[in-house]
Amino acid sequence: MTRKIMKVLAFGLGMVAFAGGTAGADELGLRGPALPANADEAMLDDGAAKTRLEIFERMTDFQEYVQGKPLELLRARQAGALPNVGIKFGAGFTGTVVYERTNTDGKFPILSRLPGQHTGNSDTQWIVNDAAWGAAVSAGDWLTGYAQLEYIDTRYPGEEDIQLRKAFGVVGNLDRFPLYAYFGRNTIDFGDMSTYNPFTHNMNTHFFWALSKDPVLGVGAVYDGWHVVGTIIPEGRHQRTADTEGSDFFGNYALNATKVVDLGNGVRLKGGLGYLHRTIYNTVTPHHTGGMVAGQPRTDNAAVDANLTLGWGPFDVMAEYTTTLEDWPATGEKVEALTVQGRYKDSILSYPTEYSAVYSRGDFGPNGSEFEFMEQMALGLETHIDENFSIGLEYVRNHGFAPLVNIQVTSDQSVKTDTFIAGIHVYF
């Protein structure tokens, strides 16, 4: 099946999910780890976090629970995992050892966070993928707050290695009213961006995961299987994806909608559509910080997303397609990403286990250019030894090398690499 057909399929299935079926609970088991073999009925659980560990597993997760952090807090309050008045602390850690072998000296799509970091044809590195410390605060029936410190492995001039990446307050009580609002620094609700890999992000997340730097204002609605969020994003260059010239608080915005339905016989369906008004793909010079393009004109380049997740018993499959609406001035083409992934939830020696396969591709340059595309195929296994500890293995095959920095100069379409990853997730 050609890539064009897959794009049409991703958009079409995203639309189908908004019609038909019986409105289900919030997630219907479509997100989260494998369940014990004797927990069949829990496959159609409402998906809300019910313990302190579950709350911080989701709040500090960067693979699957990428979006919807304020809603996770409100649903945890509904389930009794957070007190009416009080504070809960937690943390998450992900560490890996990564071996990557390349056919082109010095070019490692997985290990090279920035160009020129590695030399030779193979390398091994111990990496702190994520380390986060969080606090969830409840102040009566309607007020909930959250703050999260994160260790940042790849930093830019002037940045600290420990940063406050999330800090927001939520006004809402889903038992009494279907609307909520939040204000603060948070992941911007745009697309789904989930990855079934234990450790490696897919191309959609790589190019389009939107993370705010300055406080944003979000308003959400939860009703009859729907979750709709609108976010006002201040102008300026944010941590990821969102970027607008100027300093107006109302300079950018995002809209995101998901719908979950129960089709019966253990079949669950979740579809989503998203829109981000202004992205970083707006200048001739690719940039990580606003200072890198000071004085350069920025063009408005919006992005749209369609995604679908289908669950059937222990199987989940997902397709997501994200694209800018205009060409990126740096490459002369739209930035597009497609992910098709699946997983099977089982157990090894009674330990809940997921087996995953993820295909992902990003297209952003003219045909035949050195920065035409990047392609990735990953196979993964993750076993949950305890409720707060899991181990994982991954094999990743990459084709193409196109780092954001100096993409026109450092890219190489002939690069092919094989990567082997072993690591752990720990939650406290």
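Here is a short chat about a predicted model of one protein chain.

Student: Let's start with the basics. How many helices and strands are in the protein chain?

Tutor: Keep in mind that we're looking at a predicted model. The chain has 428 residues, and 54% of them count as buried. As for its elements, the protein chain has 19 strands and five helices.

Student: What share of the contacts between residues at least 6 apart in sequence join residues at least 24 apart?

Tutor: One example of a link along the chain is proline 352, which sits in strand β16. Its C-alpha atom is 5.9 Å from that of threonine 383, although the two are 31 residues apart along the chain. Taking the contacts in the protein chain between residues at least 6 apart, the share joining residues at least 24 apart is 64%.

Student: And proline 352 itself, is it buried or exposed?

Tutor: Buried means under 20% relative accessible area. Proline 352 comes in at 14%, so it counts as buried.

Student: How much of the accessible surface belongs to carbon and sulfur atoms?

Tutor: Start from the total, which is about 17,400 Å² for the protein chain. The part belonging to carbon and sulfur atoms is 59%.

Student: Now the aromatics. How is the pair of tyrosine 146 and phenylalanine 168 classed?

Tutor: By this rule there are 11 aromatic pairs in total. In this one, the ring centres are 6.0 Å apart and the planes make an angle of 40°. Planes under 30 degrees apart would be stacked and those over 60 edge-to-face, with the rest in between. That makes the pair of tyrosine 146 and phenylalanine 168 tilted.

Student: Why does that pair tie together parts that are 22 residues apart in sequence?

Tutor: Look at where each ring comes from. Tyrosine 146 is buried at 3% relative accessible area, and phenylalanine 168 is buried at 4%. The pair ties those parts together because tyrosine 146 lies in strand β4 (residues 143–151) and phenylalanine 168 in strand β5 (residues 162–172).

Student: Which residues do ring pairs link into a cluster?

Tutor: We've already met two of the members, tyrosine 146 and phenylalanine 168, as a tilted pair. Another member, Phe56, is one of the buried residues of helix α2. The full cluster is Phe56, Tyr146, Phe168 and Tyr182.

Student: Speaking of helix α2, which elements do its buried residues pack against?

Tutor: Helix α2 (residues 52–59) is mostly covered, with six of its eight residues buried. Those are Leu53, Ile55, Phe56, Glu57, Arg58 and Met59. They pack against α3 (69–78), β2 (85–102), β3 (122–139), β4, β5 and β19.

Student: Strand β19 has aspartate 412 in it. What is that residue in contact with?

Tutor: Yes, aspartate 412 is found in strand β19 (residues 412–427). With a relative accessible area of 13%, aspartate 412 is buried. Leaving aside neighbours within four places in sequence, aspartate 412 contacts Thr104, Lys107, Glu370, Gly400 and Phe401.

Student: Loops next. Which residues does threonine 279 touch?

Tutor: Threonine 279 is in the loop between β12 (267–276) and β13 (303–312). Despite that loop position, threonine 279 has 0% relative accessibility, so it counts as buried. Not counting residues up to four places away in sequence, threonine 279 touches Thr241, Ala242, Asp243, Asn301, Ala302, Ala303 and Thr324.

Student: What is the phi of aspartate 224?

Tutor: Aspartate 224 is in the loop between β7 (216–223) and β8 (226–233). Aspartate 224 is partly exposed, with a relative accessible area of 45%. Its phi is positive in a residue other than glycine, near 55°.

Student: And serine 350, is it buried or exposed?

Tutor: Serine 350 sits in the loop between β15 (336–348) and β16 (351–363). It isn't a glycine, yet its phi is positive at about 75°. Exposed means over 50% relative accessible area. Serine 350 has 60% relative accessibility, so it counts as exposed.

Student: Last one. How many charged residues are in the lining of the second largest cavity?

Tutor: The count comes to three cavities of 30 Å³ or more, and the second largest holds about 40 Å³ of space. Its lining is made up of Leu30, Arg31, Glu64, Asp192, Ser194, Tyr196, Lys270, Thr309 and Met318. By class, three of these are nonpolar and two polar, and the charged ones number four.

How values were computed:
Residues are numbered from 1 along each chain as its sequence is written. This is a predicted model: local features need pLDDT of at least 70, side-chain atom pairs count only at pLDDT 80 or more; totals for chains, interfaces and linings use all residues. Side-chain values use heavy atoms; hydrogens and water are left out. On a 1 Å grid over the protein atoms alone, a cavity is a set of points where a 1.4 Å probe fits but cannot get out, and a pocket is an open set with protein on both sides within 12 Å along at least five of seven lines; lining residues have an atom within 4 Å of a point. Grid points are joined across faces, edges and corners, and a volume is the space filled by probe spheres set on the points. Ala, Val, Leu, Ile, Met, Phe, Trp, Tyr, Cys and Pro count as nonpolar, Asp, Glu, Lys and Arg as charged, and the others, Gly among them, as polar. Helices (H or I, at least four residues) and strands (E, at least two) are DSSP runs, numbered from the N terminus. Buried means under 20% relative accessible area, exposed over 50%, partly exposed in between (1.4 Å probe, protein chains only). Contact means heavy atoms within 4.5 Å. Accessible areas come from the Shrake-Rupley method with a 1.4 Å probe; for residues, only the protein chains shown count as cover. Rings of Phe, Tyr and Trp (its six-membered ring) pair if their centres lie within 6.5 Å; planes under 30 degrees apart count as stacked, over 60 as edge-to-face and the rest as tilted.
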